[in-house]
Amino acid sequence: DQEGGMAAAAYSVKIMKDLDLLPKGYKMMVVGSVQEEDCDGMCWQSIVNEYFKGPEDARNQIEFVISTEPTDGGIYRGHRGRMEIRVDMHGVSCHGSAPERGDNAIHKMAEVILNVRDPARELYESYNKIFADHWKAKTGQEVEVTQSHGGSGKQALEVANGLEADVVTLALEYDVNAVRDAGLINDGWINNFENDSSPYTSTIVFLVRKGNPKNIKDWNDLIKDGVGIITPNPKTSGGARWNYLAAWAYADKLYNGDESKIEDFVKKLYQNVLVLDSGARGATTTFVENGQGDVLLAWENEAYLSIKDHPDEYEIITPSVSILAQPSVAVVDEVVDSRGTREVATEYLSYLYSDEAQRIAGDNYYRPYNQDILKEYSDVFDLNINLVTISDFGGWDEAQKTHFADGGIFDKIYEK
């Protein structure tokens, strides 16, 4: 239905060439990227693999992208409920000597942005309140915490590219290492707080529709014909990498380490994936809000939040083998030293280990690091689940290199 748009885009490039409007060294590419279908992004992936040395090389060389299909805020037929929304905030500028006369539009917009739901947003909204009280009691100072939420890998990239964050709380160690590698976090950050700087944990479970119509009990049920799986893309989502590794751990145990059979098992699993969203929250929306798939591979806390919102529509299945998902926290040394906020930033992360904060983590369906407090939630969590750890994969650097780097195992099995 977009043949006219494709023709117009291709012909416009020809006109630019005929009129010698393209600077030397520039290459124009016309891409038919169907943004509202299951093949979302495959056209771009093909170009990245064909003409560049991977996503990072493409980001460095592609200077701009022109979209020829504006929706003007409307929902097009076939968009599956997606739409573009524009939000404008109006303010009043003022002289620095009289700030009370101003109305800061950026500050007002921040409140709108924070209302985009994120798995950890609810936790930190509650935590920020008790931390503000704690900090005032300790120092007499008021503190205001500004949050930025999104996919862990994307957030890490934003900080590495200049988003000034005093602390980061990300889905996995590897994403914090990406900020470290940008020169913003000191080596050894993982030893700065208890439990490898992981104040709470989670694991991977299955969220199925009420009554479990496909009778899904364990990982081996996910490779059966007719089972539709929803999981994010492990190339873009930290949470999705935990999903992938949990499935790998099950297959590793099933096939006694036979890598050929393990790869085949994981390949079959991803052949049943209907939608490979870019992040965990997007995958949850696809499954819960859009009604696609029979099972969602999800963080335990995300699954419980879905049941909390829709108590009569879903249930959680705990597989026989899963993985200990350890979200990581770190002080961004370069930022706190330049802003003079090291003391409050360090205390902000340290206080996550307090009893009060640990119970907030439990109330938000994360597993508290404090084992005594974790036992208080034994009626919520299966404390007997068999959990492997990232150490079983040689650590995150090794897991990333082996499974998720360009040309790694995931690329091989997903392209086959």
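Visitor: What is the relative accessible area of Lys14?
Guide: A word on the ground rules: this is a predicted model, where local features need pLDDT of at least 70 and side-chain atom pairs count only at pLDDT 80 or more, while totals for chains, interfaces and linings use all residues. Residues are numbered from 1 along each chain as its sequence is written, and side-chain values use heavy atoms, leaving out hydrogens and water. Buried means under 20% relative accessible area, exposed means over 50%, and partly exposed lies in between, with a 1.4 Å probe and protein chains only. Lys14 counts as partly exposed, because its relative accessible area is 43%.

Visitor: Which residue forms a salt bridge with Lys14?
Guide: A salt bridge here is a side-chain nitrogen of Lys or Arg within 4 Å of a carboxyl oxygen of Asp or Glu. The partner sits four residues from Lys14 in helix H1 (residues 3–18), so about one helical turn separates the two; helices (H or I, at least four residues) and strands (E, at least two) are DSSP runs, numbered from the N terminus. The partner is exposed, at 53% relative accessible area. With the closest N and O atoms 2.8 Å apart, it is Asp18.

Visitor: How many residues apart in sequence are the parts that Asp294 and Lys214 tie together?
Guide: Asp294 and Lys214 form a salt bridge, with 3.0 Å between the closest N and O atoms. Asp294 lies in the loop between helix H11 (280–289) and strand S6 (295–299), and Lys214 in the loop between strand S3 (204–209) and strand S4 (229–232), so the parts they tie together lie apart in sequence by 80 residues.

Visitor: How many salt bridges does the count come to?
Guide: Here are two more examples for the list. Arg342 forms one with Asp337, at 3.0 Å between the closest N and O atoms, and Glu164, Asp166 and Arg339 are linked in a network. By the rule, the count of salt bridges comes to 16.

Visitor: In what order do the five strands of the open sheet stand?
Guide: Two strands pair if DSSP finds at least two bridges between them. Strand S5 (273–277) and strand S7 (314–317) each have a single partner strand, so they stand at the edges. The pairing is mixed, and the order is S5-S4-S6-S3-S7.

Visitor: Which residue in S6 stands opposite Leu207?
Guide: S3 and S6 pair in the antiparallel sense over five bridges. S3 is mostly covered, with five of its six residues buried. Opposite Leu207, in S6, stands Leu296.

Visitor: Which residue in S7 stands opposite Phe206?
Guide: S3 and S7 run antiparallel and are joined by four bridges. Opposite Phe206, in S7, stands Ile317.

Visitor: What angle does the direction of H11 make with that of S4?
Guide: S4 and S5 pair in the parallel sense over four bridges, and Pro232 stands opposite Asp277 in S5. H11 packs on this sheet and touches S3, S4, S5, S6 and S7, where contact means heavy atoms within 4.5 Å. Axes are lines fitted to C-alpha atoms, for helices over the stretch in contact, and angles run from 0 to 180 degrees between N-to-C directions. The angle between H11 and S4 is about 160°.

Visitor: How far apart are the axes of H11 and helix H12?
Guide: Two packed helices are described by the angle between their axes and the distance between the axes. Ala280, Arg281, Thr284 and Val288 in H11 meet Glu302, Leu305 and Ser306 in H12. H11 and H12 (residues 300–309) pack at an angle of about 35°, with their axes apart by 11 Å.

Visitor: Which residue's side chain does a polar contact of 2.8 Å join to that of Thr284?
Guide: A polar contact is a pair of N or O atoms within 3.5 Å; within protein, one must be able to donate a hydrogen and the other to accept it, and residues adjacent in sequence count only if both atoms are side-chain atoms. Thr284 is found in helix H11 and counts as buried, at 8% relative accessibility. The 2.8 Å polar contact joins its side chain to that of Glu302.

Visitor: How far apart in space are Pro199 and Asn370, C-alpha to C-alpha?
Guide: Pro199 lies in the loop between helix H8 (194–197) and strand S2 (200–201), and counts as buried at 0% relative accessibility. Among the residues that Pro199 touches are Pro327, Leu352 and Tyr369. Pro199 and Asn370 are 171 residues apart in sequence, and their C-alpha to C-alpha distance is 8.3 Å.

Note on methods
Lists of a residue's contacts leave out its neighbours within four places in sequence.
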